[in-house]
Amino acid sequence: MRKRKILILSITIVAVALILETCILQYVNDKNAQTTSNVLLDRVIAVIDKNESIESEFVKSLKDDYIVRAKAISYIVDAKPEVEYDIDELQKIASLMSVDEIHFIDDTGTIYSGSIPKYFGYSFDSGEQMAFFKQMLNNYDLTLCQDVTPNTAEAKEMMYAITWNEAKTHMVQVGITPKRLLKELKRNQISNVIADMPVYKGMEIYVVDAKTKKILGATDASWVGNTAHFNHKGYRFVKRKHGDYIVAVCMLESMNAQTNIVAILIVGIYLTLASCLLVLMLSRVLKEKYEKEKYIYTSNTDELTKCYNRRAYDSDMENLDLNTEWIYISLDLNGLKKANDTLGHSAGDELICAASNCMKFAFASYGKIYRIGGDEFVVLIQESVSNIDSILQVFDTTIHDWHGKYSNSISVSYGVVKSTEQDFDSIYSVSKLADERMYKSKSEFYNMSGNDRRSYNV
């Protein structure tokens with residue numbers, strides 16, 4: 001009977017151990033997979049944002065280039081006025097200047113000549129696309145380049161650049177079809193960068209056009225061009241929509257199965273080591289969680305002041321909403337360089353830490369404090385916005401009462417902006433206005449103190 005009880009107890013212990021092992025492994029794998037997926041999604045979205053910035057710069061350079069081509073053609077025709085009505089010669093000039101169309105437009109806004117006769121007679125009143133250039137009639141020094149737009153005559157995707165000739169007797173307009181080139185640039189950038197991104201075995205990343213559901217970039221290049229589906233059996237998907245894209249991480253659900261089976265068999269065979277293995281596993285889980293939390297804390301925290309750093313600031317700025325009420329405070333220490341030069345960097349560090357401590361005392365209960373530069377701080381307040389005057393009074397009093405080891409006082413200039421005080425066009429317009437107010441405050445400080453700001457170099 002005792003042996004039977006021991007056997008039953010042993011079997012029970014093994015079963016419980018195996019169940020516990022399975023549950024813990026499943027939890028850890030799920031948690032790691034979710035965390036890893038989110039990290040990968042953030043990384044891919046950062047790449048997409050960078051690509052869009054590059055594309056914007058590229059479009060700007062295209063516009064500048066097309067205006068130069070329009071001016072060059074104007075100079076050529078002014079030098080050889082006999083080609084103004086010579087369609088064959090104008091087509092040769094268009095080919096030479098790598099443009100698709102050349103149009104001559106009189107001072108009423110009507111096309112009277114050019115490389116494509118079927119467009120003769122169209123005017124700035126012919127449609128919305130042509131109407132964009134009406135402003136040229138009132139400003140002879142103006143040059144314009146239109147974004148990619150369907151043209152009035154045939155709804156072809158075109159970019160048009162226009163300029164007055166030297167004598168201001170007519171306008172010269174050129175048309176180019178760059179849309180395919182832009183799409184190719186975007187697609188290639190995304191596909192190439194995503195293909196080079198490292199992933200764990202059993203995981204794939206791909207970027208999908210949100211409208212067409214076509215895969216634009218993937219770590220497995222064979223997926224590019226296919227239609228994306230998010231319901232493959234045996235796979236788990238974590239996805240996020242970002243602008244015109246859907247970014248997805250695909251994970252094979254059985255990618256950790258072999259490891260799990262081995263671990264469970266070890267627990268079953270080596271019953272006497274079950275508790276040790278469980279303790280070891282739990283310690284690893286806790287250590288891993290601690291390391292992740294430590295990494296997140298370190299990557300978002302300024303080492304000197306323990307405030308949030310520039311990385312955390314950039315991330316939080318992206319999540320702000322102009323439709324809600326919040327306060328942006330830009331702060332900057334006065335006279336830091338003078339303290340560094342006369343008293344040493346220890347004194348400078350003392351001032352920086354003192355300023356951050358005063359900010360924490362006054363603002364930490366209502367928002368976040370960021371150190372974004374040497375002596376530059378930002379405070380974002382999203383709670384108790386209506387009490388900002390009393391909060392600032394606490395900060396001013398704390399700054400005024402401070403005395404340190406190396407310095408007897410500290411001075412901080414700041415600019416305060418409410419998100420609702422005017423109709424801002426972007427989050428960064430709020431920060432710009434706060435900076436302007438802060439610098440005005442700093443200028444007033446130096447004027448009142450009678451010191452030359454340049455001697456402080458702050």
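Two strands count as paired if DSSP finds at least two bridges between them. Strands (E, at least two residues) and helices (H or I, at least four) are DSSP runs, numbered from the N terminus. The model is predicted: local features need pLDDT of at least 70, side-chain atom pairs count only at pLDDT 80 or more, and totals for chains, interfaces and linings use all residues. Residues are numbered from 1 along each chain as its sequence is written, and side-chain values use heavy atoms, with hydrogens and water left out.

In β10, V249 is the bridge partner of V238. Strand β10 (residues 245–252) runs antiparallel to β9, and eight bridges join the two. Both belong to an open sheet of four strands, ordered β8-β7-β10-β9, with antiparallel pairing. Because β8 (215–218) and β9 (235–242) each have a single partner strand, they stand at the edges, and one side of each is left without a neighbour in the sheet. Neighbouring strands of this sheet are turned by 20 degrees against each other on average, direction ignored.

The largest nonpolar core (buried Ala, Val, Leu, Ile, Met, Phe, Trp, Tyr and Cys residues joined through side-chain atoms within 4.5 Å; buried means under 20% relative accessible area with a 1.4 Å probe, protein chains only) has 29 residues. Those with the most contacts inside this core are I329, L331, L333, F363, F395 and I410. At least two residues each come from β11 (327–333), α8 (336–343), α9 (345–363), β13 (376–381), α10 (388–401) and β14 (412–418). Helix α9 supplies the largest share, eight residues. Another core, of 20 residues, lies apart from this one and includes I73, I93, F104 and V174.

Leaving aside neighbours within four places in sequence, F395 is in contact (heavy atoms within 4.5 Å) with L331, C358, M359, A362, F363, V412 and Y414.

Key. Buried means under 20% relative accessible area, exposed over 50%, partly exposed in between (1.4 Å probe, protein chains only). Axes are lines fitted to C-alpha atoms, for helices over the stretch in contact, and angles run from 0 to 180 degrees between N-to-C directions.
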